[in-house]
Amino acid sequence: MRHTPEIAVRERAELGEGPTWDALSGRLIWVDILSSRVHTYDPSTGRRTVLATEQHVGAAKPRAGGGFVVNLRDGVGLYDADGAFSWLARDPVPGRRGNDAAVAPDGALWTGTMRYDEAEGGGSLSRVAPDGTVTGVLDAATVSNGTGWSPDGRLMYYIDTPTLRIDVFDVDGERVLDRRPFAVVEPGSGWPDGLTVDADGCVWVAFWDGAAVRRYTPDGRVDRVVDLPVRRPTACAFGGAGLRDLYISTARTGLDAPHPLSGSLLVLPDAGQGLPGVPFAG
């Protein structure tokens, strides 16, 4: 197990976010929200692709049949493997955009939104079924961010960043119940952002303005801190051969003097054991 992150992709992303391993293609997907770009990276060959979207893109996840499902400013859209675009669930709200998203074990997409001005309660969390049916889950989020499931699928972890908490729900079929704090972040440590859950049930969280990724044990204790050279890591995910490498997206937006690696995709080799991801079933 190594403790020093390396450079996977040197980039100047304004708001790099949402790394996700696509097992079908053997590549990592991530987005630059404010530059409206979906990036892919194949660590075995170094090959990269960039897809320009028509709107700010909060998240991009692999689809079972190839292509991407994307959480855009005005709703959820689909890119086919040939690049053709269509809307799956369009719901434009002035001043609001899509943010982080995650695919549940059943193949549905859980999507977060937030207002551009980060007004309190102006965002939401919803479940989007493969057929485009939208079910509201939380209607008073502020900056809806990290979402992930325990290895057995019985728990869902969730971050609304300004609360300075990682919360946990019980999962009952397509519903989540009994929201409660999993871990409370002490002031001055940065803001909890994106997360991923590993095969041991530990929750890895990127800390915006905290220059670190933390791992929390299943009982909510911090047992590992990965210090980073950049101030604003945004999210993390396991990928690569055997799902052993932790990829970390970063941002440079809002910084007067960003570190040269701010906006790059970093990787911590052999950090742990990730869980196999599920592609969006739509």
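How many bridges join strand 14 to strand 15, and in which sense do the two strands run? The legends below address this point and several others in a predicted model.

**Figure 1. Pairing of strand 14 with strand 15.** Strand 14 and strand 15 (residues 155–160) run antiparallel and are joined by four bridges. Within this pair, tryptophan 149 has methionine 156 of strand 15 as its bridge partner.

**Figure 2. The open sheet of strands 14-15-16-17.** Four strands, in the order 14-15-16-17, make up an open sheet with antiparallel pairing. Strand 14 (144–149) and strand 17 (175–184) occupy the edges; each has a single partner strand, so one side of each is left without a neighbour in the sheet. On average, neighbouring strands of this sheet are turned by 25° against each other, direction ignored.

**Figure 3. Strand 15, strand 16 and their hairpin.** Strand 15 and strand 16 (residues 165–172) are antiparallel and share four bridges. Methionine 156, the bridge partner of tryptophan 149, also stands opposite phenylalanine 169 in strand 16. The hairpin has four residues between the strands, and leucine 164 takes a positive phi near 55° there.

**Figure 4. Strand 16, strand 17 and their hairpin.** Seven bridges connect strand 16 to strand 17 in the antiparallel sense. Aspartate 167 has proline 181 of strand 17 as its bridge partner. Two residues lie between the strands of this hairpin, and glycine 173 in the turn has a positive phi of about 65°.

**Figure 5. Two nonpolar cores.** The largest nonpolar core contains 15 residues, and those with the most contacts inside it are Trp204, Val213, Leu228, Leu246 and Ile248. At least two residues of this core come from each of strand 19 (203–208), strand 22 (233–239), strand 23 (245–250) and strand 24 (265–268). A second core, separate from the largest, has 14 residues, among them Leu164, Phe182, Ala183 and Phe207. Leu164 is thus represented here as well as in the hairpin of strand 15 and strand 16.

**Figure 6. Cysteine 202 and cysteine 236.** Zero disulfides are found in a search of the whole structure. The sulfur of cysteine 202 has its closest cysteine sulfur in cysteine 236, at 12 Å, which is too far for a bond. The converse also holds, since the cysteine sulfur closest to that of cysteine 236 belongs to cysteine 202. A disulfide would require the two sulfur atoms to lie within 2.5 Å. Cysteine 202 counts as buried because its relative accessibility is 7%; cysteine 236, at 2%, likewise counts as buried.

**Figure 7. Surroundings of glutamate 11.** Glutamate 11 is located in the loop between strand 1 (6–9) and strand 2 (16–22). Its relative accessible area of 22% makes glutamate 11 partly exposed. Leaving aside residues up to four places away in sequence, glutamate 11 touches Trp30, His39, Arg48, Ser262, Gly263 and Ser264. Threonine 133, by contrast, is 122 residues from glutamate 11 in sequence and 36 Å from it in space, C-alpha to C-alpha.

**Figure 8. The whole chain as context for the close-up views.** The chain has 24 strands and zero helices. Its C-alpha trace spans about 40 × 40 × 40 Å along the principal axes. The radius of gyration is 17 Å, which agrees with the value near 19 Å for a compact globule of 282 residues. Of the 282 residues, 57% count as buried. Among contacts between residues at least 6 apart in sequence, 43% join residues at least 24 apart.

How values were computed. Residues numbered from 1 in each chain as written. Predicted model: local features only at pLDDT ≥ 70, side-chain atom pairs only at ≥ 80, totals over all residues. Heavy atoms only, no water. Core = buried A, V, L, I, M, F, W, Y, C linked by side-chain atoms within 4.5 Å. Buried < 20%, exposed > 50% of the residue type's maximum accessible area, 1.4 Å probe, protein only. Contact = heavy atoms within 4.5 Å. Pairing = 2+ DSSP bridges. Axes fitted to C-alpha atoms, helices over the stretch in contact; angles between N-to-C directions. Rg over C-alpha atoms; globule rule 2.2 N^0.38 Å.
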